[in-house]
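Please open the model in your viewer and keep the selection tool at hand. The tour below proceeds from one selection to the next.

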Amino acid sequence: MEPVKDIEKVKRMFAQGQPTLVDAQTGYKYSMVARCPKDGNFASVARIERARQSLSRVTFQCTSCFSEFEVGQDDIYVR
């Protein structure tokens, strides 16, 4: 699946404290990804931090240039 912006799914992931979300009807497991600011490739979640039950911080790591970075919730995609 090609990554798409879905702010509602990203907000649910943050609220549930998980970088993934399972669609109850299809069983598909959505994951957070973000575009690397250096090379534009999609990067996967490297680390998460929680505040109580919610995600407070998500760090991504690019598989091409290996840089770690953070982006705002509006710049997170789901795949």
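Begin by selecting R35 and Y77: R35 lies over the face of Y77, 5.9 Å from the ring centre. A charge is taken to sit over a ring if NZ of Lys or CZ of Arg is within 6 Å of the ring centre and within 35 degrees of the ring normal. The model is a predicted one, in which local features need pLDDT of at least 70 and side-chain atom pairs count only at pLDDT 80 or more, while totals for chains, interfaces and linings use all residues. Residues are numbered from 1 along each chain as its sequence is written, and side-chain values use heavy atoms, with hydrogens and water left out.

Keep Y77 selected and add F42. The ring centres of F42 and Y77 are 5.1 Å apart and the planes stand at 80°, so this pair is edge-to-face. The pair links distant parts of the chain, with F42 in strand 4 (residues 42-51) and Y77 in strand 7 (residues 76-78), 35 residues apart; strands are DSSP runs of E, at least two residues, numbered from the N terminus. F42 is buried at 18% relative accessibility, and Y77 is buried at 16%. Here buried means under 20% relative accessible area, exposed over 50%, and partly exposed in between (1.4 Å probe, protein chains only).

Next, select F60 and F69. Their rings form a stacked aromatic pair, at 5.9 Å centre to centre with 25° between the planes. Both F60 and F69 are buried. How many aromatic pairs does the structure hold? There are 3, where rings of Phe, Tyr and Trp (its six-membered ring) pair if their centres lie within 6.5 Å, and planes under 30 degrees apart count as stacked, over 60 as edge-to-face and the rest as tilted.

Move on to K9 and Y30. K9 lies over the face of Y30, 4.8 Å from the ring centre.

Now select the cysteines C36, C62 and C65. Why is C36 not bonded to C65? The closest cysteine sulfur to that of C36 is in C65, 3.7 Å away, which is too far for a bond. C62 is likewise in no disulfide, and its nearest cysteine sulfur, that of C65, is 3.8 Å away. The structure holds 0 disulfides (a disulfide being a pair of cysteine sulfur atoms within 2.5 Å). C36 is buried at 3% relative accessibility, and C62 is buried at 0%.

Finally, select V4, which belongs to strand 1 (residues 4-5). V4 is partly exposed, at 37% relative accessibility.

Notes. Helix = DSSP H or I, 4+ residues; strand = E, 2+ residues; numbered from the N terminus.
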